[in-house]
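Hi,

Here is the structure I promised to pass on to you. Please open it first, and then read my notes below alongside it.

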Amino acid sequence: MNDTPGWTSPGSAPSDGHDGSGVPRPASPGDANGSAQWSKEQPPAGQWQPPTAPGAAAPPQAPARAQSGGGWNAPPPYGHWGPPPAAKPGVVPLRPMTLGDILDGAATTMRRYWQTVLAISLGVAVVAQLADILSIRFLASEPVPLDPDATPAEALAQSVDSLKSALVQSGPSYIIMIGAGALCSALLTVVMSRAALGRPITLGEAWRDARPRLLQLLGITFLVIALSVAIMLVGVLPGLLLGGSAGDGLAFVGGFCAFVAVVWLTIALSLAPPALMLERQGVVKAMKRSMKLVQGSWWRVFGITLLTNVMVAVFSMLVAVPFLVLATLASGSGLDAFMDGSVAETGWPFLIVVGIGGVITSALTYPLTSGVTVLLYIDQRIRREALDLELARAAGLPGYGG
């Protein structure tokens with residue numbers, strides 16, 4: 001195996017009598033001068049057949065050509081050349097996957113194992129939305145006013161006060177939502193790993209497999225968030241301290257560079273959760289493993305991840321807008337209040353209706369995002385390490401060993 005992107009065929013290293021592919025290379029017959037000679041014993045005309053794989057059925061006889069002395073069989077019809085279809089014991093084919101394979105595999109898992117998937121995603125979504133509703137209802141406060149004419153030191157102090165207010169209001173909710181998301185990701189990773197082999201799994205089995213790694217998965221999640229926040233602070237802090245127009249420009253440039261670095265780091269570490277869950281590695285080793293798998297394929301992983309998030313965002317918006325309208329009406333405000341944004345967002349009717357919409361959105365989007373991440377991990381290992389052979393063997397497919 002090697003770490004270069006692309007399909008990797010297993011084989012031994014080159015040795016005596018072997019070429020670079022690991023396949024034995026017979027010596028060429030020759031005369032004393034080294035020129036090749038045909039053997040005197042040749043197969044009868046019209047009886048040559050290409051070799052078949054061990055255990056495979058012999059191909060059907062094709063009609064022989066009519067020319068005199070022609071012993072070769074006719075070639076297969078147009079369009080029949082090419083490799084045989086990949087094995088598919090579960091929701092995805094065991095070969096390097098396309099974008100369509102990944103999205104279809106995630107959707108097929110949701111449809112085929114809907115009872116387990118819905119129990120996981122719905123339970124996590126309810127807990128997360130309850131935490132969000134309670135934090136808004138009881139911890140909401142007036143936003144800290146910002147003085148546009150403040151000195152750099154005063155502007156920095158105002159920013160710190162605003163950050164403290166936001167953390168007090170949304171901090172507990174975010175922590176619970178992050179923990180719920182990590183739990184959902186862990187359970188759905190186990191479900192996806194079984195779905196790739198075509199094996200059903202219950203909620204209890206998923207919990208037993210995921211429970212030993214939950215704390216480590218939380219560690220990875222919070223570590224990535226902390227690194228992202230630290231990078232953004234390093235990027236914008238010099239501009240905030242400088243102040244004025246020059247400070248604003250420096251903060252913008254630094255913030256943009258920091259944002260690019262955060263995006264790169266997020267994609268590079270995006271496969272750490274499935275590596276942690278499925279390879280039973282530690283936090284640091286799982287993060288290094290993710291960076292190694294993404295290396296050389298960063299743009300591909302980024303594109304598929306970005307497309308998935310765009311699809312989730314569009315779907316969330318389509319679901320959220322009708323519930324926002326219903327919540328506005330349920331709170332006693334008219335549509336004019338909805339249009340100008342003056343709805344009282346801390347009332348129970350408004351929060352409950354919006355929370356129902358959030359539960360529906362999260363219950364349907366959690367499995368998609370988690371499934372795409374796990375299938376990206378499987379795809380990268382297939383491309384680099386021929387994981388398809390191990391999966392086929394684990395699925396019990398004939399011809400792949402015990």
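**What I found**

Of the 402 residues in the protein chain, 33% are buried. Please keep in mind that this is a predicted model.

Let me start with the overall make-up. The protein chain has 12 helices and 0 strands, so to speak an α-only list of elements: from the N terminus on, the order reads α-α-α-α-α-α-α-α-α-α-α-α. As for contacts in the protein chain between residues at least 6 apart in sequence, 68% of them join residues at least 24 apart.

Next, the inside of the model. How many cavities of 30 Å³ or more does the structure hold? There is 1, and the space in the largest cavity comes to about 30 Å³. Its lining is made up of Ala106, Thr109, Met110, Val117, Leu188, Met192 and Pro367. Two elements, helix H1 (99-112) and helix H3 (152-195), each give two or more residues to that lining. H1 gives the most, with 3 residues. If you care about the chemistry of the lining, the classes are 6 nonpolar, 1 polar and no charged residues.

Then there is a helix pair that you may like to look at. Two packed helices are described by the angle between their axes and the distance between the axes. For helix H11 (residues 348-385) and helix H12 (residues 387-394), the axes come within 6 Å and cross at roughly 110°. Angles of 65 to 115 degrees count as roughly perpendicular, and H11 and H12 are therefore roughly perpendicular to each other. On the H11 side, the contact is made by Ile378, Arg381, Ile382 and Glu385; on the H12 side, Leu387, Asp388 and Leu391 take part. By class, the residues of this contact of H11 with H12 are 4 nonpolar, no polar and 3 charged.

One last residue to show you is Leu329, which lies in helix H9 (residues 298-330). Is Leu329 buried, partly exposed or exposed? With a relative accessible area of 47%, Leu329 is partly exposed, because that class sits between the buried limit of under 20% and the exposed limit of over 50%. Along the chain, Leu329 and Phe350 are 21 residues apart, and their C-alpha atoms are separated by 8.4 Å.

Happy to talk any of this through whenever it suits you.

Best wishes

Terms used
Residues numbered from 1 in each chain as written. Predicted model: local features only at pLDDT ≥ 70, side-chain atom pairs only at ≥ 80, totals over all residues. Heavy atoms only, no water. 1 Å grid on protein atoms, 1.4 Å probe; cavity = no way out; pocket = protein on both sides within 12 Å on 5 of 7 lines; lining within 4 Å. Points joined across faces, edges and corners; volume = space filled by probe spheres on them. Helix = DSSP H or I, 4+ residues; strand = E, 2+ residues; numbered from the N terminus. Nonpolar A, V, L, I, M, F, W, Y, C, P; charged D, E, K, R; others polar. Axes fitted to C-alpha atoms, helices over the stretch in contact; angles between N-to-C directions. Parallel < 35°, antiparallel > 145°, perpendicular 65-115°, else oblique. Contact = heavy atoms within 4.5 Å. Buried < 20%, exposed > 50% of the residue type's maximum accessible area, 1.4 Å probe, protein only.
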